[in-house]
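Dear colleague,

Please find below the structure that I am handing over to you, together with its sequence. My notes on what was found in it follow directly after.

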Amino acid sequence: MPPFFKKKTKPIQPVEPERLPRHIGVIMDGNGRWAKNRGLPRQAGHVYGAKVFRTITKYCEKIGINYVTFYAFSTENWKRPQQEIDAIMDLLRDYLKESLRDFKKENIRTLFIGERSALAPDIRELMEEAEASTAHKDGMVLNIALNYGGRDELVHAVRSLAEDVKAGRLSPDDIDEERIGRRLYTAGQPDPDLILRPSGEYRLSNFLTWQSAYSEYVFQDILWPDYRTEDLDAALAEYARRNRRFGGI
Ligand code: IPE
Ligand code: IPE
Ligand code: MG
């Protein structure tokens with residue numbers, strides 16, 4: 001067994017379909033530390049992380065998850081060294097090109113959430129192609145959060161509501177939770193039931209700020225490139241044990 005891969009964990013009893021979350025959010029974290037632990041450049045962690053992203057996406061579709069949102073690049077990640085940002089963007093290009101071929105085989109609808117204007121024009125074009133070529137799919141929805149920030153998303157929503165008020169199309173009294181939700185990147189989608197954060201960090205890092213109001217969290221002490229389908233099974237089993245009350249009893 002190559003030293004990169006950890007041993008398989010004990011299989012977990014599969015969760016009954018009605019106890020599965022409809023929408024899972026995943027904060028893919030720990031790529032840099034994974035690489036550092038191996039004396040590799042941080043970019044190598046992103047390469048392995050991208051492979052795990054593919055595996056977990058396919059697995060989610062296979063087990064019947066309806067929506068999955070992966071946090072791939074935050075509005076704060078521009079603070080990183082340019083070399084690392086370039087490597088992440090190159091991986092994204094590779095993924096998009098490869099998936100444009102692959103998508104045909106899978107019943108997955110791909111969408112991107114986040115502010116696109118800061119991304120390179122060729123990447124934006126590939127993103128649009130990926131969305132257009134999967135728009136007719138009726139299987140799982142895959143959201144990829146790119147240059148995404150929950151606060152930035154709310155700023156956009158508030159701005160667009162303010163414009164409507166200014167133009168006389170909307171009264172301030174009519175602004176409600178539903179109308180705000182409809183101006184978010186995830187408009188029309190259910191809120192995430194479960195948010196996973198591997199890597200041992202216990203924070204949201206600006207992910208799905210509005211949508212996560214009643215999400216269940218599972219924090220796992222596993223670096224993302226080490227994340228296996230068994231780890232997702234464990235998180236799903238934990239989720240299935242939770243009692244969600246939404247303020248009720
Ligand atoms: C997550 O892994 C990937 C991105 C944020 C793009 P990190 O690169 O944050 O890895 P760590 O947290 O430094 O280990
Ligand atoms: C969150 O991870 C962003 C992504 C996974 C894309 P970070 O590594 O950027 O988060 P912090 O800086 O540790 O909070
Ligand atoms: Mg990190």
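**Ligand 2 and its surroundings**

Ligand 2 sits in the largest pocket. Please keep in mind throughout that this is a predicted model.

The shell around ligand 2 is made up of Ile27, Met28, Asp29, Tyr71, Ala72, Phe73, Asn77, Arg80, Arg197, Arg203 and Ser205. Which element gives the most to this shell? It is strand S2, spanning residues 67-74, with three residues.

Three side chains of the shell deserve a separate mention, each for a polar atom and its distance to an oxygen atom of ligand 2:

- Asp29: a polar side-chain atom lies 3.1 Å from an oxygen atom of the ligand.
- Arg80: the corresponding distance from a polar side-chain atom to a ligand oxygen is 3.2 Å.
- Arg197: here a polar side-chain atom and an oxygen of ligand 2 are 3.4 Å apart.

On its own, ligand 2 has 390 Å² of accessible area, and the protein covers 79% of it.

**Two residues with positive phi**

Two residues that are not glycines came up for their backbone angles, and I describe them in turn.

Asn147 is not a glycine, yet it has a positive phi of about 50°. Asn147 is placed in strand S4, which covers residues 140-148. Is Asn147 buried or exposed? Its relative accessibility is 5%, and because buried means under 20%, Asn147 counts as buried.

Leu208 likewise is not a glycine and has a positive phi, in this case of about 45°. Where does Leu208 lie? Leu208 belongs to the loop between strand S5 (194-197) and strand S6 (216-219). With a relative accessible area of 0%, Leu208 is buried.

**Thr57 in helix H2**

The last residue in these notes is Thr57, which lies in helix H2, residues 42-63. Thr57 has a relative accessibility of 5% and therefore counts as buried. Which residues does Thr57 touch, leaving aside those up to four places away in sequence? They are Phe70, Ile108, Met140 and Leu142. Of these, Phe70 falls within the residue range of strand S2 (67-74), the strand that gives the most to the shell around ligand 2. Met140 and Leu142 fall within the range of strand S4 (140-148), where Asn147 is also placed.

With kind regards

How values were computed: Residues numbered from 1 in each chain as written. Chains lettered and ligands numbered in written order. Predicted model: local features only at pLDDT ≥ 70, side-chain atom pairs only at ≥ 80, totals over all residues. Heavy atoms only, no water. Helix = DSSP H or I, 4+ residues; strand = E, 2+ residues; numbered from the N terminus. Buried < 20%, exposed > 50% of the residue type's maximum accessible area, 1.4 Å probe, protein only. Contact = heavy atoms within 4.5 Å. Near = heavy atom within 4 Å. Polar contact = N/O pair within 3.5 Å; in protein donor to acceptor, adjacent residues only side chain to side chain. Areas by Shrake-Rupley, 256 points an atom, 1.4 Å probe, with all protein chains shown as cover. 1 Å grid on protein atoms, 1.4 Å probe; cavity = no way out; pocket = protein on both sides within 12 Å on 5 of 7 lines; lining within 4 Å. Sits in = over half its atoms within 2 Å of the grid points.
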